[in-house]
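Take a look at this model. We will start at the nucleic acid and then turn to the contact between the protein chains.

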2 protein chains.
Amino acid sequence: MSAEKAPAQPPAPAPSIRARVRAEMTDEIKRVALEHLARDGSALSLRAVSRDMGMVSSAIYRYFPSRDELLTALIIDAYNSLGDAADAADGEVDRRDAYAARWFTVGHTIRRWALAHPAEYALIYGSPIPGYKAPEETIVPATRAIATLARVVAEAEAAGRLRTPQGADATVPTENADYAAELRVVAASLGFAEDSWVVERFLGAVTHLFGAVNFELFGRLNNVVNERSEWFDRQLRELAASMGLSPRR
Amino acid sequence: MSAEKAPAQPPAPAPSIRARVRAEMTDEIKRVALEHLARDGSALSLRAVSRDMGMVSSAIYRYFPSRDELLTALIIDAYNSLGDAADAADGEVDRRDAYAARWFTVGHTIRRWALAHPAEYALIYGSPIPGYKAPEETIVPATRAIATLARVVAEAEAAGRLRTPQGADATVPTENADYAAELRVVAASLGFAEDSWVVERFLGAVTHLFGAVNFELFGRLNNVVNERSEWFDRQLRELAASMGLSPRR
DNA sequence: CACTGTCAAGAGCACTGCTCTCGTTTGTGT
DNA sequence: ACACAAACGAGAGCAGTGCTCTTGACAGTG
């Protein structure tokens, strides 16, 4: 693959001028492509990008072997951008605050990132692009934001700060052994306790959270809910409650 | 109560042979276009459709003035197909059953319709198509499936069969007056009681439900949950509980 | 019979992703 | 210092796209 930026020669750490120009060009192409993406939606034209850069279309292929590879690069960048935003937001919450505060902060950050980067959001959380097949290199960055959310809840659980639901509030355990096994695998990979009751609700909460962002961003809330921030906040609140995260007081 | 599929052609005038052939052609184009949509995703090529029909591409324009108009027709058909499926499923539930049974039936029907018609589902619940702007004629059919879900919950509420949440389970009322007003409008349009507490949870449930279908259909559950039917059923169960719909026994 | 509207066909325009070839530029090993 | 290979931008070209316009054939109606 592209291992340019790896000068494995100890005495020659000099990033050759050519390699630097190449990196700048690659970034510039991605930057212009993002502008086009924001303007024209997922219909990304290599020729239009090249025109904006004063190049001929074939020159783009020196940097990205195909339109799909460009899309892959943009997708990975988008996942990482969202992941960075989520991590940064979580990191800035005062650790003396309740875990619920971190949940709200990260949740709102994800929504705000989506509103600020609608094209990138649609790229990674919208319907699949027609001819495009996501390569494996995208799956790790894809999990970052969700992993951040999971960390908050898992740490709350580990700290014994989750109110375990009782009685009618509690979920009936599944009778499907395969499904139960899957939940255990998910619990392990996300850092929850073994057989944690909260894993399933966390998956539901993530589904709900991204469903809400989808609804807002794709216009499904038009003429229904205009106080979107309030609406989203209250959805987050319900989800926190469903996981036993004490609400802010 | 939204109008059903009103076949409201005022009087039936002479269905001239020409008009009949034209209608058949229109249907055939939509049929072939759907096949292509199912195969190639949202990249729909008029020329490919025309080739499949043994026509020249320009002939398509006798029936649809543009690609967008064809898409609009397909989108409306898709919304109505989903709406029909939801209504039919709801209609077949024995009315002596609990309202929860209707909720599960309609919910699972929506999911099954999406799995059976992934291309149509992506068309109506995926990210917006690049150059396409949905005309107003799509917004009424768009609400049908949601209206069906709402009817179930609203009728349960009217029958006094919703367990009103108490204490920690209850949602704190919003302090945002605009948002509260919006909720009242939604309540009125979906048939809920005025100031009904369940409206907000219903909106959340719909968000969650379609978020779950999105996750499954767009591959976000890959390598995470494979027992999708069980997973979805348990999500529906949580949603029913959150709205006070007694679970099946 | 003549008229009128509908139809399929074809040529053409501007656009797309992508390939290939052509000289030129640049970095590096000898 | 020189030579060679890799990298580069430009351009032509291919097959595909949505869409427009013109042309000639046909059908239904006066």
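This is a predicted model. Around DNA strand C there are 23 residues, and A:Leu46, A:Arg47, A:Arg67, B:Ser58 and B:Arg62 come nearest. Sugar and phosphate make up 45% of the strand C atoms that come within 4 Å of the protein.

Now follow the phosphates. A polar backbone atom of A:Arg67 is 2.6 Å from a phosphate oxygen of DNA strand C. For A:Leu44, a polar backbone atom is 2.9 Å from a phosphate oxygen. A:Tyr61 uses its side chain: an N or O atom there is 3.1 Å from a phosphate oxygen. Several elements give two or more residues to the surface near strand C. In chain A they are helix 1 (17-40), helix 2 (46-52) and helix 3 (57-60). In chain B they are helix 1 (17-40) and helix 3 (57-60). By class, this surface has nine nonpolar, five polar and nine charged residues.

Next comes the protein interface. Chain B puts 45 residues in contact with 45 residues of chain A. The area buried between them is about 3,800 Å², with 54% from carbon and sulfur atoms. B:Thr207, B:Arg220 and B:Arg234 supply 16% of what chain B buries against chain A, more than any other three residues.

Polar links cross this interface too. There are four salt bridges between chain B and chain A. A:Glu238 and B:Arg201 meet in a salt bridge at 3.4 Å, N to O. The two chains also have 24 residue pairs in polar contact. On chain B, helix 10 gives the most to the side that touches chain A, with twelve residues. That side divides into 20 nonpolar, 13 polar and twelve charged residues.

Note on methods: Residues numbered from 1 in each chain as written. Chains lettered and ligands numbered in written order. Predicted model: local features only at pLDDT ≥ 70, side-chain atom pairs only at ≥ 80, totals over all residues. Heavy atoms only, no water. Contact = heavy atoms within 4.5 Å. Buried area = accessible area lost by both parts, 1.4 Å probe. Salt bridge = Lys/Arg side-chain N within 4 Å of Asp/Glu carboxyl O. Polar contact = N/O pair within 3.5 Å; in protein donor to acceptor, adjacent residues only side chain to side chain. Helix = DSSP H or I, 4+ residues; strand = E, 2+ residues; numbered from the N terminus. Nonpolar A, V, L, I, M, F, W, Y, C, P; charged D, E, K, R; others polar. Near = heavy atom within 4 Å.
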